[in-house]
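Work through the two exercises below with the sequence and the 3D view at hand. Each task is followed by a solution in steps.

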Amino acid sequence: MCGIAGIIHRTGPGDIGSEMTRMLQSMKHRGPDSSGFALFGPPTDLFGWAERLERHRNEVEHRLAKIGAMVDVLHGDQDYAYRVTFRYSGDLKPLADYIEDVPGCEVLSLGHSLEIIKDLNDAQSVADRYHLAGFTGTHAIGHVRMATESDVDISGAHPYWAYPFSDIAVVHNGQLTNYHMWRRRLERKGHRFQSECDSEIIAVYLAQKMDDGMSLETAMKQSLDELDGVFTYLVVTADALGMAKDEMAAKPLVLYESPELVALASEEIAIRTVLGREIDTHDPYEREVLVWNR
């Protein structure tokens, strides 16, 4: 079942931490197992979220320093996850791989603006746990998950970072039927995956297309020809929010657009929690791709 949501402010930063929490919490009935946020705040040098065991924290810090990253701030909101702000000018792939070589450690996201926060339970619980109230930024996507084909754990929770590309993430409602074919193709290009979830394929697929020179919109349109299944997905980059529906358009999504903001969600009630009033929305068509830049 699951539920997805997205928002982008067109005239300046907004309170996207609280806004996305309200949107996702209103769809708690669509997925009580886990909740996740991909939030774009003010650009910084570089930061990343890591899931890890407490006893390996010193080793993670040691490896960051050894590979040439200068750690500025380290926040430990949970005893199994923390955020590191650091300065690093090298390739992100060897950095992420080197950190994930620490037993029990997984890099959830890396970027100059993107922060991915995901954990078990409903959106309000996760937002409280990671202090998302008051998080100011320009755009965000989120997901509430009902586990149907994999375990209830953080690795199976959305959003998915497009390893090893900076500042790209995806949430997805649906199923890819050619998942294994695309996973093998992307693995032959040197990519590796953090989960068995087909949604992660979409993130890396789009990031690779853009790395090859395509625009986000062109890559998304091509995905409708190359990714099979029934799906609706949202993608965020450092400066854009996009949505795409497959040719069946069976997975619901409603859209509200104004000069100030764009909001999308699996249910209209989620958008109304942000605007606080009755609104006019419409359903994107089958095979429709839309991209909004901030």
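**Exercise 1: the surroundings of Lys-118**

Leaving out residues up to four places away in sequence, Lys-118 touches Ser-35, Gly-36, Leu-108, Tyr-130, Ile-154, Ala-157, His-158, Pro-159 and Tyr-160. The model is a predicted one.

Task: Find which side chain of opposite charge is nearest to Lys-118, and which backbone oxygen of Pro-159 or Ala-157 the Lys-118 side chain reaches.

Solution.
1. Locate the residue: Lys-118 belongs to strand S7, residues 114-120.
2. Check for a charged partner. The nearest side chain of opposite charge is that of Glu-106, 5.5 Å away. A salt bridge needs the atoms within 4 Å. Lys-118 is buried and has no salt bridge.
3. Turn to the backbone. A polar atom of the Lys-118 side chain lies 2.8 Å from the backbone oxygen of Ala-157. The side chain also reaches the backbone oxygen of Pro-159, at 2.8 Å.

**Exercise 2: the two sides of helix H2**

Task: Which residues of helix H2 (residues 57-66) are buried, and what covers them?

Solution.
1. List the buried residues of H2: Arg-57, Val-60, Arg-63 and Leu-64.
2. Place them around the axis. They lie on the same side of H2, because they cover an arc of only 125° around the axis. An α-helix has 3.6 residues a turn, so residues three or four places apart point the same way.
3. Look at the other side of H2, where Asn-58 and Lys-66 are exposed.
4. Identify the cover over the buried residues: it includes strand S4 (70-75), strand S5 (81-87) and helix H3 (92-100).
5. Follow the chain onward: after H2 comes Gly-68, with a positive phi near 105°.

How values were computed: Residues are numbered from 1 along each chain as its sequence is written. This is a predicted model: local features need pLDDT of at least 70, side-chain atom pairs count only at pLDDT 80 or more; totals for chains, interfaces and linings use all residues. Side-chain values use heavy atoms; hydrogens and water are left out. Buried means under 20% relative accessible area, exposed over 50%, partly exposed in between (1.4 Å probe, protein chains only). Helices (H or I, at least four residues) and strands (E, at least two) are DSSP runs, numbered from the N terminus. The arc is that of the directions from the helix axis to the C-beta atoms. Contact means heavy atoms within 4.5 Å. Lys and Arg count as positive and Asp and Glu as negative; His and the chain ends are not counted. A polar contact is a pair of N or O atoms within 3.5 Å; within protein, one must be able to donate a hydrogen and the other to accept it, and residues adjacent in sequence count only if both atoms are side-chain atoms.
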